[in-house]
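Me: I'd like a close look at one part of this model, please. Here it is.

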Amino acid sequence: MPDLQLTLHTTFGYPEFRPLQREIIEASLAGRDVFALLPTGGGKSMCYQLPALHRPGLTVVVSPLIALMKDQVDQLQAAGVAATFLNSSLGSAEARSRLAGLHRGEWRLLYVAPERLMLDGWQENLRAWNVAALAIDEAHCVSEWGHDFRPEYRQLAALRDLLPDVPVMALTATATERVREDIVKHLRLREPELFVASFNRPNLTYRVQPKDGPLQQIIVFLKNRDDESGIVYCATRATTERVAEALAARGFAARAYHAGLTAEERARNQELFLRDEVKIICATIAFGMGINKPNVRWVIHYDLPKNIEGYYQETGRAGRDGLPADCLLLFSGGDAAKQTHFIDEIADEHERNVARAQLRQMLHYAESAGCRRRELLGYFGEGFPAAGGGCGACDNCLEPRETYDGTVLAQKFLSCVYRARQASRFGVGLNHIVEILTGADTDKIRRWGHDRLSTYGIGQELPRAQWAAVGRELLRLGYAAQSEGEYPVLELTAEGLEWLRSRKPLMLTKPMLLPKARKVATRR
Ligand code: ADP
Ligand code: ZN
């Protein structure tokens, strides 16, 4: 093996490899296909940049982010590496000159957008250019199960036939088991060596608050944070502007950022934020990809994110300098209902089901009484030790949620699931159970004769939203299970049946929907 550490030091100026970088580079240089799962900021680029200098021929890097390509190439050139990029931002003379350089074998690294590789003439080019390695950055874009599906990534599979002997490296910061399978399948990786670094971000504290007067909640949160930079993520462009204006009116240096602004406005607001002249950016998820601002001290989610991957990415923009940073999610059942409504409008069935499943997972996270960190890491298939007071840096570990005797409620809910399941051929979903319990007078109830069930109307002591929360907690506890797909149906599990028979007491967590004295996040 060549002296990799020497190259790391002399070319890139770093004394040590980050976790897994060396292993990934060695596997790649040995000719293996590699699948690298490293958290944001983990140093994925190094994994293909450094080996490019240790193999003859060209390393082609596929990246979806045009803005990022130029940054990386500038940095590489400054370090004396012969790197270039080709994308739609170049004039035709410049593009021609770079292509000529590629034909002469002058470059070690070429960055391209995925759609470019499929253009006419490129297949011959790739065969002519002595391609020695292929790196696919943001590989999760190939999967519909990720948070950033890009159809043009699907075409990358064709590269395997075009360049059969070239090892492929797939890199991403987010991949659940499902996304991982998609990446291996759609990029046609061959017995890839898998490298997974820990996703834990120990310096981040995670909190969820019931959303109730969100602007006021943000202002309380901002107390004593005058010097800190932060991001407020909102679901819509209009909200980003409204929140930014409201904060600015109260003397905070805040700006909006969304795809509806002109390119100049976006660039200016981003620049002001990077230079610390604007402290707060109120943004849609269009903001943040590829932005490397190390001292973001907090991230607030004003609205419920669509999925956990997105949430992890967005909160991951806080505390990249390794110093403590806070993440706060403002959660309301109303936001969830709004999203459900949008999801119902999605035309494609598969897409709709994916979105539903992702929303369910997000709700699960928001309502969980367990350690947030364990929930998040569990989502990425990573265990987190639960013992001894938890992680020490999430609301549920720092201030365990109140519980109450939920025995009677659980009995009512689970018996209702049991009876309704028996009484309807196809089973019923959570909302329908809640309607039976609260004695709703709807067409469906009457048509199916559910008003004649013994559990009809036995739950009038709670409003619907609270019954739904009880139901979701029983699902989380494993006493009931929910099928996937278009119309998720509830079913008692063996455990649920066993518990119903045993009639043991059961403590439930006070749902965040219950009115209670609101705790406000304080600075640690
Ligand atoms: P990712 O793509 O995984 O989010 P990057 O490749 O952008 O991360 O790397 C994040 C930062 O870490 C960059 O500034 C990069 O130069 C730096 N970096 C990469 N490898 C090392 C290393 N071994 N030591 C120190 N810094 C590194
Ligand atoms: Zn915790």
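Which residues surround ligand 1 most closely, and how many are there in the shell?

Reply: Quick housekeeping before the site itself. This is a predicted model, where local features need pLDDT of at least 70 and side-chain atom pairs count only at pLDDT 80 or more, while totals for chains, interfaces and linings use all residues. Residues are numbered from 1 along each chain as its sequence is written, and chains are lettered from A and ligands numbered from 1 in the order in which they are written.

Now the shell: ligand 1 has 13 residues around it, and the closest are Tyr-14, Gly-43, Lys-44, Ser-45 and Met-46. To make the list, a residue's C-beta atom, placed from the backbone, has to lie within 6 Å of the ligand. Helix α3 (residues 44-52) is the top contributor, with 3 residues. Helices here are DSSP runs of H or I, at least four residues, and strands are runs of E, at least two, numbered from the N terminus.

Sorted by class, you get 4 nonpolar, 6 polar and 3 charged residues. Nonpolar means Ala, Val, Leu, Ile, Met, Phe, Trp, Tyr, Cys and Pro; charged means Asp, Glu, Lys and Arg; the others, Gly among them, are polar.

For some wider context, the model also has an open sheet of 7 parallel-paired strands, in the order β3-β4-β2-β5-β6-β1-β7. Pairing takes at least two DSSP bridges between two strands. The edges are β3 (83-86) and β7 (193-196), each pairing on one side only. Inside the sheet, β1 (residues 34-37) runs parallel to β6 (residues 168-172) over 4 bridges, and Leu-37 sits opposite Thr-172 in β6.
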